[in-house]
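Work through the following exercises with the sequence and the coordinates side by side. Each task is followed by a solution that goes step by step.

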Amino acid sequence: MAPGIFSIRELANADPLLLKQKLGTIGLQHFFHANGIDESNVREKYTPKSTSFSNSQILPRDYHKQREIELVIKEMAENLAIRLRKGGKLTSNLSLYAGAASTSEYSSVKVSRNIEAMQNTKELQDIAISLFREKYQGGAIRQIGISGNQLSDSSIKQLSLFESVEENQSNEKQESLQKAIDEIRETFDFLSIQKASSLSEGSRVIYRNKLIGGHAASQNKEDKDVS
């Protein structure tokens, strides 16, 4: 272990950049594991009780502005939604991690919540932002991770008894639009359709997609950008 770190708690609160410098990629893996974020691609010969889609990133600088932090969270929630739709899955639990910068006097945000099974981009973004705002006390953020857990097959989605006909039709239209956008990105390039917010200061979506080739197919790869 790196000098001065003797417990899981100390590892979870260590500077990930220093861990990477001292121990390489394995140092970052230990850091994320200590914070409950596991991106391992397990290939054991058994059926797990629950699977998940997750991605995480270390930001290129300390993010002090809440709007910039939330922009990245929304981008990562969209990435999760795309992977869910492509995998034909719904998530019934959303976990969010926003790691405090080493200079911050505030604690990291670690929160998880059971939700209605979904794969809708806007719904996942809204829940992720809600979770963040509930726990965020202030201070700079340097790492962000998001995970969709307790996955189920999208073909067995249950209809809500409290959803009106109009709401159901609206949701179906949103799902059709999202799938159409997914297909365009798959055929051409992930950046062929982007929100104006991708040009905002603090956005990571353009850089990260250029880094991995810019093609929608690469969204299924484990996200381990530590730039």
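**Exercise 1. Determine how β2 is paired in the sheet, and with which strands.**

Step 1. Strand β2 is joined to β3 by seven bridges, and the two run antiparallel; helices (H or I, at least four residues) and strands (E, at least two) are DSSP runs, numbered from the N terminus, and two strands pair if DSSP finds at least two bridges between them. Within this pairing, Asn 93 has Asn 114 of β3 as its bridge partner.

Step 2. With β4, strand β2 shares 11 bridges, again in an antiparallel run, and Leu 90 stands opposite Ser 152 there.

Step 3. Because 11 of the 12 residues of β2 are buried, the strand is largely enclosed by the rest of the structure; buried means under 20% relative accessible area, exposed over 50%, and partly exposed in between, with a 1.4 Å probe and protein chains only.

Before going on, note that this is a predicted model, in which local features need pLDDT of at least 70 and side-chain atom pairs count only at pLDDT 80 or more, while totals for chains, interfaces and linings use all residues. Residues are numbered from 1 along each chain as its sequence is written, and side-chain values use heavy atoms, with hydrogens and water left out.

**Exercise 2. Reconstruct the sheet as a whole and place the helix that packs on it.**

Step 1. The four strands form an open, antiparallel sheet in the order β1-β4-β2-β3, in which β1 (52-63) and β3 (109-118) are the edge strands, each pairing on one side only.

Step 2. Neighbouring strands are turned by 15° against each other on average, direction ignored; axes are lines fitted to C-alpha atoms, for helices over the stretch in contact, and angles run from 0 to 180 degrees between N-to-C directions.

Step 3. Helix α5 (residues 121-135) packs on this sheet, touching β2 (89-100), β3 and β4, and its direction makes about 150° with that of β3; contact means heavy atoms within 4.5 Å.

Step 4. Eight bridges join β1 to the antiparallel β4 (residues 141-153), with Phe 53 opposite Gly 148. Pro 60 also lies in β1, and it counts as partly exposed because its relative accessibility is 43%.

**Exercise 3. Identify the nonpolar cores and the contribution of α4.**

Step 1. The largest nonpolar core has 29 residues, of which Ile 69, Ile 73, Leu 94, Phe 132 and Ile 144 touch the most other members; such a core is a set of buried Ala, Val, Leu, Ile, Met, Phe, Trp, Tyr and Cys residues joined through side-chain atoms within 4.5 Å.

Step 2. The largest share of this core, eight residues, comes from α4. A second, separate core of 12 residues includes Leu 11, Ala 14, Phe 32 and Ile 58.

Step 3. Helix α4 is mostly covered, with 17 of its 22 residues buried, and just after this helix Gly 88 takes a positive phi of about 65°.

**Exercise 4. Decide where the coordinates call for caution.**

Step 1. The mean pLDDT of the chain is 77, and 63% of its residues reach 70 or more; pLDDT is the predictor's confidence in each residue, from 0 to 100.

Step 2. Over residues 213-227 pLDDT stays under 50, although the model has 48 contacts for them beyond four places in sequence. Where pLDDT is low, the predicted coordinates should not be read in detail.
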